[in-house]
Each structure stands twice: as structure tokens, then as C-alpha cells.
Amino acid sequence: MQAWRVHTPGEPREAMRLEEVPDPVPGDGEVRLKVLAANVNFPDALLARGQYQIRPPLPFTPGVEICGETEDGRRVIANPTLPHGGFAEYVTAPAHALLPAPDTLDDAEAAALHIGYQTGWFGLHRRARLQPGETLLVHAAAGGVGSAAVQLGKAAGATVVGVVGGKAKARTAEELGCDLVIDRTGEDIVARVKEFTGGRGADVVYDPVGGDAYTASAKCVAFEGRIVVVGFAGGTVPAPALNHALVKNYAILGLHWGLYATKDPAAILACHGELTRLAAEGAVRPLVSERVPLTAAADAVQRVADGTTTGRLVVVPSLDGGSR
Ligand SMILES: NC(=O)c1ccc[n+]([C@@H]2O[C@H](COP(=O)([O-])OP(=O)(O)OC[C@H]3O[C@@H](n4cnc5c(N)ncnc54)[C@H](OP(=O)(O)O)[C@@H]3O)[C@@H](O)[C@H]2O)c1
């Protein structure tokens with residue numbers, strides 16, 4: 001089969017090579033899946049660069065979530081077992097963790113319903129206890145994880161403020177349903193949030209960016225607000241002053257969605273049921289901005305790494321015409 005592999009970590013476009021390799025062999029409790037669609041996530045870029053918290057043995061194939069087909073013909077969502085990631089024709093994945101792909105979504109959308117939406121749901125509901133009528137501030141609101149949080153926030157009855165980098169992303173955030181969009185490249189986030197909320201600030205902040213985004217969040221979070229630390233796409237891990245959290249009565253909540261797979265797998269299943277229901281009702285729909293062939297996967301990962309994309313770029317092997 002064909003698979004993209006990283007032999008030496010580096011920038012995705014240089015580090016990833018498309019190669020002919022043997023089909024992966026399922027281990028104990030695993031199944032082999034034909035990849036129908038593999039969604040690009042920021043962690044794929046970090047994996048290629050050797051900067052992710054998980055360092056698979058070299059050479060490895062990136063690609064952390066897919067919609068695939070089982071050997072008995074079921075359409076499922078799965079997290080492939082690294083080093084055999086999703087940017088390939090076939091993967092292996094744990095059988096017990098397969099989730100049914102919703103009928104209302106195509107393969108690319110189904111692949112994109114998983115990590116971003118689960119992370120959003122756990123962040124907003126389980127960690128931050130977002131309430132209807134509260135103000136939710138989402139950084140990188142036009143991105144993969146951010147666009148999911150915007151949709152989930154609206155579905156939960158929150159007023160949603162989206163922060164984005166640039167005019168094109170601002171249009172995307174508006175189309176997603178943000179009540180206010182702030183372009184961080186030309187506007188003062190703190191002043192705009194305070195003005196919009198009558199000086200109160202945001203009740204919940206969803207932050208996949210870190211760095212300056214976190215600094216702004218701490219300045220415009222409301223009394224008894226909650227900042228959910230989701231990621232550091234900006235490249236800087238904030239080192240917040242805890243006296244500030246004490247003085248202003250706000251909470252800083254860490255979120256590592258992957259941990260629920262071992263700590264509370266039943267909650268992942270329940271969340272998938274909820275996401276499937278929301279997708280069927282049309283309350284959420286993954287923003288798939290591009291479907292690209294397998295041959296274009298490294299370029300797609302590089303563009304996500306560069307922070308220039310909106311929504312999700314999804315690799316669809318059948319677009320190459322060569323899929324078995
Ligand atoms: N905690 C968890 O369990 C969990 C789960 C999944 C993902 N994550 C994290 O969530 C983050 C977002 O992942 P994603 O796949 O959805 O990516 P993404 O949001 O689609 O892409 C990253 C976005 O971050 C913003 N950004 C700001 N500074 C950047 C920089 N220097 N380089 C690149 N991007 C920059 C850009 O949006 P603007 O230009 O609009 O600011 C960019 O579009 C990642 O940090 C990822 O590791 C965490």
C-alpha cells in the first residue's frame with residue numbers, strides 16, 4: 001500500500017515521504033481498516049516535527065483520526081495505532097474504540113467530527129460547565145478545533161465571540177455563527193470583549209493557541225470565569241501568574257482529551273452519541289474546507305502547520321484514483 005512516512009523529523013513538506021510499504025498487521029484486539037478519509041490535525045504537524053508529546057518509533061506515518069471501512073463493510077471513525085497513522089491506504093486501530101460514522105455525514109465530515117468536536121464537548125461541558133446565556137470566547141475560531149467549539153457553544157445556547165487571524169478567517173467565523181468576530185491582526189481583543197460584554201468579560205475562554213492569546217484571555221475573563229487550556233498552536237506555552245487568578249476569581253482548566261480514552265472511555269462513547277444527534281439535527285456540521293488526494297497529504301499538513309487554513313483539510317485516498 002501507499003503511506004506517507006517520516007524518517008527524520010522536520011517541516012512536514014520535507015519530512016514526509018510517500019512510499020510503498022507492506023499493509024499494517026493488526027495486533028491483539030486490533031482491526032485493519034481501509035482509510036476512506038483522514039483529517040489533518042495540528043498534532044500531525046507536531047508529530048512530523050518531533051515536537052508532539054507522543055514520539056512514535058521512526059519511520060512512522062502521521063494521521064491521528066480517520067473515517068474507515070472494516071473488513072466486514074462497516075463505516076467507522078477511529079484513531080489509528082501509531083506508527084501506522086491515517087495518511088495511508090490502510091491502518092490498524094483498537095477494535096473496542098471504533099465508533100459508528102454518522103449516516104448524515106460524508107466520509108470527510110465524519111472523520112472531522114471526532115477529535116475537534118470531542119475536545120470541544122469535553123472542554124466546554126465537562127471541564128468548563130458552560131451555561132446557556134454565558135459568553136464564550138474562542139481563539140482560532142475559524143480553525144479545526146475552534147470551529148467545532150464555536151458550533152458547540154452556539155448549540156449550548158452561549159453567546160460566542162470568535163478571535164481569528166485575518167479577514168478571510170473573519171468571514172469564516174461569521175459564517176460559523178459567531179456573534180462577534182475579532183481580527184487579532186488589527187483589533188484589541190481585550191477592549192473589544194469588554195465593550196461587547198458591558199465590561200464583564202467572557203465567562204468561558206477556549207484557547208487552542210496559548211502565548212499572546214492566553215495573555216489576552218486572562219485580561220478579559222469574567223468574575224468566576226473559566227479559561228480552558230486546549231493547546232499551544234502559537235508555539236508559546238504560557239506561564240501564568242497564579243496571583244492574578246486568585247485576585248480575579250477565575251479558573252484555569254487543563255484539557256487533554258486523549259486521557260479520557262483510558263480514564264473514562266464510556267464518556268467518549270456518550271459524547272459520540274451526543275455529537276451524532278447534534279449532527280443529525282444540523283446543529284453541528286464539520287467545516288471541511290478542502291478534500292485532497294493522498295498524494296497531497298504532506299502539503300496539507302504543512303499548510304495546517306503554517307496556520308493558514310480554515311476548518312479541516314481532509315485527505316481522501318479515493319481522489320487519487322489508485323485506492324484498492
Ligand atoms: N487538548 C487537547 O486534547 C487537544 C485536542 C486536539 C487539538 N488540540 C490542540 O488544538 C490546537 C488546534 O488544533 P487544530 O488541529 O484545530 O489546528 P487549527 O486551529 O486548525 O490551526 C491552528 C490555528 O492556530 C492559530 N495560530 C496562531 N498562531 C499560530 C502559529 N504561530 N502557527 C500556527 N497557527 C497559529 C491560527 O488561527 P488564527 O490565525 O485564526 O489565530 C491557526 O489556524 C493545537 O494546538 C492542537 O495541539 C488539543
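**Notebook: ligand shell and helix α6**

I started with the ligand and asked which helices build its shell: α2 (42–49), α4 (115–127) and α5 each supply at least two residues. Note to self: this is a predicted model.

I then went through the shell itself. I find 27 residues around the ligand, with F42, V145, K169, L255 and W257 the closest. Sorted by class, the shell holds 14 nonpolar, 10 polar and 3 charged residues.

Next I looked up polar contacts. R184 puts a polar side-chain atom 2.8 Å from an oxygen atom of the ligand. Two backbone entries go beside that: an N or O atom of F232 sits 3.4 Å from a ligand oxygen, and one of A233 sits 3.3 Å from a ligand nitrogen. I also checked how covered the ligand is: alone it exposes 910 Å², and the protein buries 87% of that.

K169 is among the closest residues to the ligand, and it belongs to α6 (residues 167–176), so I turned to that helix. Which residues of α6 are buried? I get K169, A170, T172, A173 and L176. Looking down the axis of α6, I see these buried residues fall within an arc of 160 degrees, so they line one face of the helix. That fits the textbook rule: an α-helix has 3.6 residues a turn, so residues three or four places apart point the same way.

On the other side of α6, I noted K167, E174 and E175 as exposed. The cover over the buried residues of α6 includes α5 (144–155), β9 (159–164) and β10 (180–183). Last entry: G177, just after α6, has a positive phi of about 110 degrees.

How values were computed
Residues numbered from 1 in each chain as written. Predicted model: local features only at pLDDT ≥ 70, side-chain atom pairs only at ≥ 80, totals over all residues. Heavy atoms only, no water. Buried < 20%, exposed > 50% of the residue type's maximum accessible area, 1.4 Å probe, protein only. Helix = DSSP H or I, 4+ residues; strand = E, 2+ residues; numbered from the N terminus. Arc of directions from axis to C-beta. Contact = heavy atoms within 4.5 Å. Near = heavy atom within 4 Å. Polar contact = N/O pair within 3.5 Å; in protein donor to acceptor, adjacent residues only side chain to side chain. Areas by Shrake-Rupley, 256 points an atom, 1.4 Å probe, with all protein chains shown as cover. Nonpolar A, V, L, I, M, F, W, Y, C, P; charged D, E, K, R; others polar.
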